[in-house]
Amino acid sequence: MSEETGDSEGATSTTTSTTSTTSSSSTTEVPTTSSTTSGTTSEATETEGVVGNLFLSDKFLNIAHRGGGDLRPEETLPAFENALAVGAEVLEFDVHASSDGVIVAMHDGTVDRTTDGTGAVKAMTFAELRALDAGYRFTPDDGQTFPYRGTGIVIPTIEEILDAFPDSYYLIEIKQTDPPIVDGVLAALEERGALERVVLASTDLDTIVAVRAAMPEVFTSLSTPEMLDLYVNVGSPDYTPPAQFVHSPWDLTSAELVAFAHELGMKVHPWTVNEENRMVDLIGRGVDGIMTDDPALLESVSP
């Protein structure tokens with residue numbers, strides 16, 4: 001989600017950098033179903049015995065953070081393919097737009113950390129982004145080898161991801177706020193009939209409010225100010241959630257928070273959990289799913 005280095009170190013900063021700007025009086029009703037107006041049917045989807053929308057089911061969800069970035073080059077088609085193969089039910093990735101308006105999967109605002117290039121995503125054309133090696137910096141052994149360099153892995157567009165995995169469920173974080181890309185993200189999802197199979201997230205309040213205003217039927221998670229509002233109102237009978245999904249840092253996901261969220265009909269999916277003991281502990285607290293860079297490990301301990 002919002003951490004910058006791939007581990008959970010960013011969790012604390014997410015909850016201390018701002019003060020709450022929301023209140024129960026300004027929130028909207030939590031949607032209980034998701035439906036589209038794009039001609040897509042609302043027929044039941046079955047996933048390992050789950051009938052209906054997977055996000056609303058009681059099934060514990062294995063969410064491949066950045067497509068399972070510990071196992072394959074993050075946020076690439078090979079990563080998503082591998083994540084599904086090892087047991088992930090939901091593919092998580094982040095989006096930015098190129099300078100010519102093409103929406104691509106990339107966690108950081110720059111290409112420096114994951115590719116052989118440098119520069120801001122939004123300052124580069126799609127052709128420039130496409131020329132980069134998206135597998136260049138991936139190493140499974142702390143820099144001893146780089147097995148995906150020069151293998152043709154590229155930065156994918158949101159459309160390519162949706163087309164490659166047309167039945168998958170997605171958690172998509174809209175990272176870019178200026179210029180805004182909400183309309184482009186929603187258009188891509190609507191064109192591919194994926195609106196019912198996605199939760200849209202953003203740490204930025206204005207971005208997530210824009211999503212809800214444009215398509216209130218689409219599932220969203222709490223922004224950072226809304227998360228802070230939830231934390232200070234745990235147990236309050238006056239709290240009204242503005243969204244149905246809580247994406248909380250793992251170290252701030254208490255049993256009390258989970259229980260309160262469940263009382264309100266919310267689902268709790270903490271991030272980013274890559275250690276087995278933490279996975280087991282959070283499962284014991286009743287979370288509804290976990291975001292992990294290692295979906296194979298999570299699959300081995302999932303209930």
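## Helix H6 and its surroundings

Where helix H6 begins, a side-chain oxygen of Asp204 comes to within 3.4 Å of the backbone nitrogen of Asp206. This is a contact in a predicted model, and the description that follows should be read with that in mind. Helix H6 covers residues 205-214, and its buried residues are Leu205, Thr207, Ile208, Val211 and Arg212. The cover over these buried residues includes strand S6 (169-174), helix H5 (182-191), strand S7 (198-201), strand S8 and helix H7 (224-232).

After the helix, Met215 is found in the loop between H6 and S8. Because its relative accessibility is 11%, and buried means under 20%, Met215 counts as buried. Leaving out residues up to four places away in sequence, Met215 touches Leu186, Glu190 and Leu195. The C-alpha atoms of Met215 and Leu195 are separated by 9.3 Å, although these residues stand 20 residues apart along the chain.

## The model as a whole

The protein has 303 residues, of which 53% are buried, and it contains ten helices and eleven strands. Among contacts with a separation of 6 or more, 59% are between residues 24 or more positions apart.

The mean pLDDT of the protein is 88, and 83% of its residues reach 70 or more. Confidence is highest in strand S5 (residues 103-105), at a mean of 99, and lowest in helix H1 (residues 11-14), at 34. Over residues 4-47 the pLDDT is below 50, although this stretch has 81 contacts in the model beyond near neighbours in sequence. Where pLDDT is low, predicted coordinates should not be read in detail.

## Thr220 and Gln244

Thr220 belongs to strand S8, which spans residues 219-220. With a relative accessibility of 4%, Thr220 counts as buried. Its side chain makes a polar contact of 2.9 Å with the side chain of Arg212, and Arg212 is itself one of the buried residues of H6. Beyond residues up to four places away in sequence, Thr220 touches Val199, Leu200, Ile208, Val211, Arg212, Ala243, Gln244 and Phe245.

One of these partners, Gln244, lies in the loop between H7 and S9. Gln244 counts as buried, because its relative accessibility is 7%. A polar atom of the Gln244 side chain lies 3.4 Å from the backbone oxygen of Gly265.

## Nonpolar cores

Which residues have the most contacts inside the largest nonpolar core? They are Phe93, Tyr170, Ile172, Val185, Leu189 and Leu200, within a core of 30 residues. At least two residues of this core come from each of H2, S4, S5, helix H4 (158-164), S6, H5 and S7, and H5 gives the most, with five residues.

Leu200 shows how this region connects to the surroundings of Thr220, for its contacts, leaving aside neighbours within four places in sequence, include Ile172, Val185, Leu189, Ile208, Val211, Phe219 and Thr220. Apart from the largest core lies another, of 21 residues, among them Tyr239, Trp250, Ala261 and Val287.

## Aromatic rings

The structure holds eight aromatic pairs. In one of them, the ring centres of Phe55 and Phe245 lie 5.8 Å apart and the planes stand at 75°, so the pair is edge-to-face. This pair links distant parts of the chain, 190 residues apart, since Phe55 is in the loop between strand S2 (50-51) and strand S3 (61-64), whereas Phe245 is in strand S9 (residues 245-246). Phe55 and Phe245 are both buried, and together with Tyr169 and Phe219 they form one aromatic cluster.

In a further pair, the rings of Phe80 and Phe93 have centres 5.6 Å apart and planes at 55°, so the pair is tilted. Phe80 is in helix H2 (residues 77-86) and Phe93 is in strand S4 (residues 90-97), with their positions 13 residues apart in the chain. Both Phe80 and Phe93 are buried.

Arg149 is placed over two rings. Its charged end sits over the ring of Tyr136, at 3.8 Å from the centre, and Arg149 also lies over the face of Phe146, 3.9 Å from the ring centre.

Note on methods. Residues numbered from 1 in each chain as written. Predicted model: local features only at pLDDT ≥ 70, side-chain atom pairs only at ≥ 80, totals over all residues. Heavy atoms only, no water. Helix = DSSP H or I, 4+ residues; strand = E, 2+ residues; numbered from the N terminus. Buried < 20%, exposed > 50% of the residue type's maximum accessible area, 1.4 Å probe, protein only. Polar contact = N/O pair within 3.5 Å; in protein donor to acceptor, adjacent residues only side chain to side chain. Contact = heavy atoms within 4.5 Å. pLDDT = per-residue confidence, 0-100. Phe/Tyr/Trp six-rings, centres within 6.5 Å; stacked < 30°, edge-to-face > 60°. Lys NZ or Arg CZ within 6 Å of the ring centre and 35° of its normal. Core = buried A, V, L, I, M, F, W, Y, C linked by side-chain atoms within 4.5 Å.
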